[in-house]
Amino acid sequence: MIKESHLNTNEAARYEEVLAGDYWMKPLLKNQTLRIVDLHGNQAADILFYSAADPAERYSAMDTIREQKNVYLTAGTTLLSNMGNPMLTIIADTCGRHDTLGGACATESNTVRYALEKKTMHACRDSWMLAVAENEQFGISKRDITHNINFFMNVPVTEQGGLTFADGISEAGKYVELQAEMDVIVLISNCPQLNNPCNAYNPTPIGLYIWD
Ligand SMILES: [Zn+2]
């Protein structure tokens with residue numbers, strides 16, 4: 001569902017850009033709003049959310065899909081934790097569809113999907129592993145890397161129930177906006193994937209606005 005934001009970027013408390021292949025791991029406090037901007041179009045932002053109070057509580061694709069009775073994420077979606085608690089709500093969305101079925105790219109999946117020699121290419125899972133290793137203060141480790149959201153990524157489900165990785169439907173300047181319902185740790189891998197049509201084989205930076 002397309003829903004424009006009422007927030008003014010001039011009033012944002014912070015703005016940062018994350019290059020493709022980089023990670024961003026920071027807290028977002030309850031009632032703060034995070035806008036993720038697809039600056040150049042067809043980028044994929046692979047994201048995990050954790051409760052800041054207890055990282056064992058984390059975003060759950062299963063609980064979110066079951067409770068909203070829809071496999072796609074968009075404005076109006078409440079992202080639920082594995083304990084059934086609301087973590088964030090998508091309050092605005094100018095892209096209209098985001099995936100939480102396809103999972104993040106990894107060196108292993110690159111090998112299976114594309115070719116054996118892709119094994120050494122940088123993947124989202126590498127960025128997450130680096131992030132948790134460089135940010136021990138959050139108490140998150142390898143075992144906490146679980147199922148994620150791929151913002152701006154288009155993974156339609158076929159009539160037969162199959163998954164297809166399709167061309168992106170996002171464009172330059174499209175954004176998704178989330179309001180935190182609890183204090184969360186946000187872990188973003190801005191996808192470095194060069195083999196997938198979903199980002200037009202051209203990974204690009206994303207922009208992050210935060211409102212207090
Ligand atoms: Zn990726």
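This briefing walks through the two sheets, the core, one helix and a few loop residues of the structure above. Keep in mind that the model is predicted. One sheet is an open one of 6 strands, and another open sheet has 4 strands. The largest nonpolar core takes in 49 residues. A UniProt record (an unreviewed entry) puts the feature "domain: DUF1989" at residues 17-185.

**The annotated stretch**

- Across residues 17-185, helix makes up 15% of the chain and strand makes up 26%.
- The C-alpha atoms at the two ends of that stretch sit 18 Å apart.

**The sheet of 6 strands**

- Reading across this open sheet, the order is S1-S10-S3-S8-S6-S5, and the pairing is antiparallel.
- Strand S1 (14-18) and strand S5 (78-80) are the edge strands, each pairing on one side only.
- On average, neighbouring strands here are turned by 25° against each other, ignoring direction.
- At the S5 end, S5 pairs with strand S6 (residues 86-93) over 3 bridges in the antiparallel sense.
- Within that pairing, Leu-79 is opposite Leu-88 of S6.

**Strand S3, inside that sheet**

- S3 covers residues 33-38, and 6 of its 6 residues are buried.
- Which residues sit on each covered face of S3? Thr-33, Arg-35 and Val-37 are on one side, while Leu-34, Ile-36 and Asp-38 are on the other, and all are buried.
- Notice that these buried positions include Arg-35 and Asp-38 alongside residues such as Leu-34 and Val-37.
- S3 is joined to strand S8 (residues 174-180) by 6 bridges, running antiparallel; Ile-36 faces Val-176 of S8 across this pairing.
- S3 is also joined to strand S10 (residues 206-211) by 6 bridges, again antiparallel; here Thr-33 stands opposite Trp-211.

**The sheet of 4 strands**

- This open sheet runs in the order S2-S9-S4-S7, with antiparallel pairing.
- Strand S2 (23-28) and strand S7 (149-151) are at the edges with a single partner strand each, so one side of each has no neighbour in the sheet.
- Neighbouring strands of this sheet are turned by 25° against each other on average, direction ignored.
- Next to the S7 edge, strand S4 (residues 45-51) is joined to S7 by 3 bridges, and the two run antiparallel.
- One residue pair to look up there is Ala-45 with its bridge partner Phe-151 in S7.

**The nonpolar core**

- Of the 49 residues in the largest nonpolar core, the ones with the most contacts inside it are Ile-36, Ile-47, Phe-49, Val-184, Val-186 and Leu-187.
- What does Phe-49 touch, leaving aside neighbours within four places in sequence? Its contacts are Arg-58, Tyr-59, Leu-79, Met-87, Leu-88, Val-184 and Val-186.
- Two of those contacts, Leu-79 and Leu-88, are the residues that stand opposite each other in the S5 and S6 pairing.
- Val-184 and Val-186 are contacts of Phe-49 as well as being among the core residues with the most contacts.

**Helix H3**

- H3 covers residues 124-134, and its buried residues are Cys-124, Arg-125, Ser-127, Trp-128, Ala-131 and Val-132.
- Looking down the axis of H3, these buried residues fall within an arc of 155°, so they line one face of the helix.
- On the other side of H3, you'll find Ala-133 and Glu-134 exposed.
- The cover over the buried residues of H3 includes S2, S4 and strand S9 (184-190).

**Loop residues to look at**

- Asn-31 is in the loop between S2 and S3. This residue is not a glycine, yet its phi is positive at about 75°.
- Is Asn-31 buried or exposed? Asn-31 counts as exposed because it has 12 C-beta neighbours inside 10 Å, and the cut-off for exposed is 12 or fewer.
- Asn-42 lies in the loop between S3 and S4, and this non-glycine has a positive phi of about 55°.
- Asn-42 has 24 C-beta neighbours inside 10 Å, so Asn-42 counts as buried.
- Lys-69 belongs to the loop between helix H1 (61-68) and S5. With 6 C-beta neighbours inside 10 Å, Lys-69 counts as exposed.
- The C-alpha atoms of Lys-69 and Ile-145 are separated by 25 Å, with the two residues 76 apart along the chain.

Note on methods: Residues numbered from 1 in each chain as written. Predicted model: local features only at pLDDT ≥ 70, side-chain atom pairs only at ≥ 80, totals over all residues. Pairing = 2+ DSSP bridges. Axes fitted to C-alpha atoms, helices over the stretch in contact; angles between N-to-C directions. UniProt positions renumbered as here; feature names shortened; annotations may be inferred. Core = buried A, V, L, I, M, F, W, Y, C linked by C-beta atoms within 7 Å. Buried ≥ 20, exposed ≤ 12 C-beta atoms within 10 Å, placed from the backbone. Contact = placed C-beta atoms within 7 Å. Arc of directions from axis to C-beta.
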